[in-house]
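Open the model in your viewer and set it to cartoon, with side chains hidden for now. The stops below each give a selection to make and then say what is there.

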Amino acid sequence: VEQKDPDVLLFQADSLEFMEYLIDYYPDGVFDMIFADPPYFLSNGGITCQSGQMVSVNKGDWDASRGVLDNHHFNLTWLRYCQQLLKPNGTIWVSGTQHIIHSIGFAMQTLEYKLLNDITWEKPAPPPNLSCRYFTHATETIIWAAKNEKTKHFFDYKLMKQINKNRQMKSIWQIGAPSDSEKKFGKHPTQKPIGLLNRIILASTKPGDLIFDPFSGSSTTGVSAIRLGRKFIGCEIDEIFAKLSKKRLENAIETLTTGLFDGLDN
């Protein structure tokens with residue numbers, strides 16, 4: 001799926017196959033930054049609470065667990081490809097819950113990424129825990145890492161301090177769930193809020209940088225990149241979500257002159 005803007009490209013494809021294709025053309029890397037929201041392998045028949053009702057956590061076959069070893073092998077594979085596709089000074093952000101983030105971190109250490117930060121994203125109004133046997137799950141972890149130890153990563157320290165009322169920004173971020181306006185073209189079960197991606201992109205990229213999302217979903221990464229003057233390439237295997245992404249990206253391009261920093265501090 002190609003957008004009208006040549007700086008914005010979305011492909012409906014398997015992410016591993018797509019990255020293998022790109023590596024053949026760009027063996028030394030091409031992306032300034034990657035944001036990845038990979039499968040959390042949570043679709044195991046469990047339940048959660050949504051709008052006050054009990055609903056299944058199953059999101060689709062793409063989110064079904066393949067077993068601990070196969071899940072970890074998958075993470076190693078796509079992270080290896082991402083590492084090859086990053087420019088020498090490029091960085092990657094990966095989000096996840098307890099179900100997947102430890103595999104992600106270990107895979108990054110195995111591949112000799114340089115770990116920069118682990119961000120705790122606190123959700124102000126998480127769904128309640130229906131079983132009453134655990135603490136309510138209210139956070140996700142986002143690992144920020146550089147391509148390797150030689151990487152001289154970019155960090156807009158001054159802007160992050162300015163956003164944080166002239167104080168150093170900590171690694172705990174309280175940002176709300178996607179608003180209704182962010183879902184006006186349709187819903188994705190793991191959609192990230194625009195405020196989260198705005199902060200990530202502003203912190204670690206410069207205007208004109210090229211950003212990649214191998215698991216685009218509803219393409220919040222792309223929408224944020226467009227608003228903030230960055231270039232974007234996304235990959236999404238599901239046809240329904242690829243069409244949803246296309247609508248959101250086209251809308252972001254059409255309304256580029258308004259809402260530049262919508263949700264930045266939310």
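The tour covers the sheet, then the helices, then a salt bridge. Keep in mind throughout that this is a predicted model.

**Stop 1: the sheet**

Select the strands. They form an open sheet of eight strands in the order β1-β10-β9-β2-β5-β7-β6-β8, and the pairing is mixed. Now colour β1 (8-12) and β8 (172-174), which stand at the edges. Each of these has a single partner strand, so one side of each is left without a neighbour in the sheet. Looking along the sheet, the twist averages 20° from one strand to the next.

**Stop 2: β2 and β5**

Select residues 31-36, which are strand β2, and residues 86-96, which are strand β5. The two run parallel and are joined by five bridges. To place one of the pairings, show Ala36: its bridge partner in β5 is Val94.

**Stop 3: β6 and its two partners**

Select residues 139-146 for strand β7 and add β6. These strands pair in the antiparallel sense, over eight bridges. Show Ile119 and look across to β7, where the bridge partner is Ile142.

Next add β8 to the selection. Its pairing with β6 is parallel and has three bridges. Which residue of β8 stands opposite Trp121? The residue to label is Trp173.

Stay on β6 (residues 114-122) and pick Leu116, which has its place in this strand. Measure from its C-alpha atom to that of Ile143: the separation is 7.7 Å, although the two are 27 residues apart along the chain. Leaving aside residues up to four places away in sequence, Leu116 touches Thr91, Trp144, Ala145, Ala146 and His153.

**Stop 4: α1 against α2**

Select residues 15-25 (helix α1) and residues 68-85 (helix α2). Their axes come within 10 Å and cross at roughly 30°. An angle under 35 degrees counts as roughly parallel, and α1 and α2 are therefore described as roughly parallel to each other. The crossing of α1 past α2 is left-handed.

Turn on side chains for the contact. From α1, show Leu16, Met19, Glu20, Leu22 and Ile23. From α2, show Phe74, Thr77, Trp78, Tyr81, Cys82, Gln84 and Leu85. By class, the residues in this contact of α1 with α2 are nine nonpolar, two polar and one charged.

**Stop 5: α2 against α3**

Keep α2 and add residues 101-110, helix α3. Here the axes are 9 Å apart and the packing angle is about 50°, which makes α2 oblique to α3. The crossing of α2 past α3 is right-handed.

For this contact, show His72, Asn75, Leu76, Trp78 and Leu79 of α2. On the α3 side, show Ser103, Ile104, Phe106, Ala107, Met108 and Thr110. The contact of α2 with α3 has seven nonpolar residues, four polar and no charged. Trp78 of α2 is worth labelling, as it takes part in the contact with α1 and in the contact with α3.

**Stop 6: α6 and α7**

Select residues 220-227, helix α6. This helix packs on the sheet and touches β1, β2, β9 (210-213) and β10 (231-236). The direction of α6 makes about 170° with that of β10. Then select residues 239-254, helix α7, which lies across β1 and β10 and runs at about 170° to β1.

Show the two helices together. The axes of α6 and α7 come within 9 Å and cross at roughly 10°, and the helices are therefore roughly parallel to each other. Their contact is made by Thr220, Gly222, Val223 and Ile226 of α6 with Arg248, Leu249, Ala252 and Ile253 of α7. The classes in the contact of α6 with α7 are five nonpolar, two polar and one charged.

**Stop 7: a salt bridge between loops**

The model has six salt bridges. For one of them, select Lys192 and Asp37, whose side chains meet at 2.8 Å, N to O. Lys192 lies in the loop between β8 and α5 (194-204), and Asp37 in the loop between β2 and β3 (47-50). The pair therefore ties together parts that are 155 residues apart in sequence.

How values were computed: Residues are numbered from 1 along each chain as its sequence is written. This is a predicted model: local features need pLDDT of at least 70, side-chain atom pairs count only at pLDDT 80 or more; totals for chains, interfaces and linings use all residues. Side-chain values use heavy atoms; hydrogens and water are left out. Axes are lines fitted to C-alpha atoms, for helices over the stretch in contact, and angles run from 0 to 180 degrees between N-to-C directions. Helices (H or I, at least four residues) and strands (E, at least two) are DSSP runs, numbered from the N terminus. Angles under 35 degrees count as roughly parallel, over 145 as roughly antiparallel, 65 to 115 as roughly perpendicular and the rest as oblique. A crossing is left-handed if the near helix is turned anticlockwise from the far one by less than a right angle, and right-handed if clockwise. Contact means heavy atoms within 4.5 Å. Ala, Val, Leu, Ile, Met, Phe, Trp, Tyr, Cys and Pro count as nonpolar, Asp, Glu, Lys and Arg as charged, and the others, Gly among them, as polar. Two strands pair if DSSP finds at least two bridges between them. A salt bridge is a side-chain nitrogen of Lys or Arg within 4 Å of a carboxyl oxygen of Asp or Glu.
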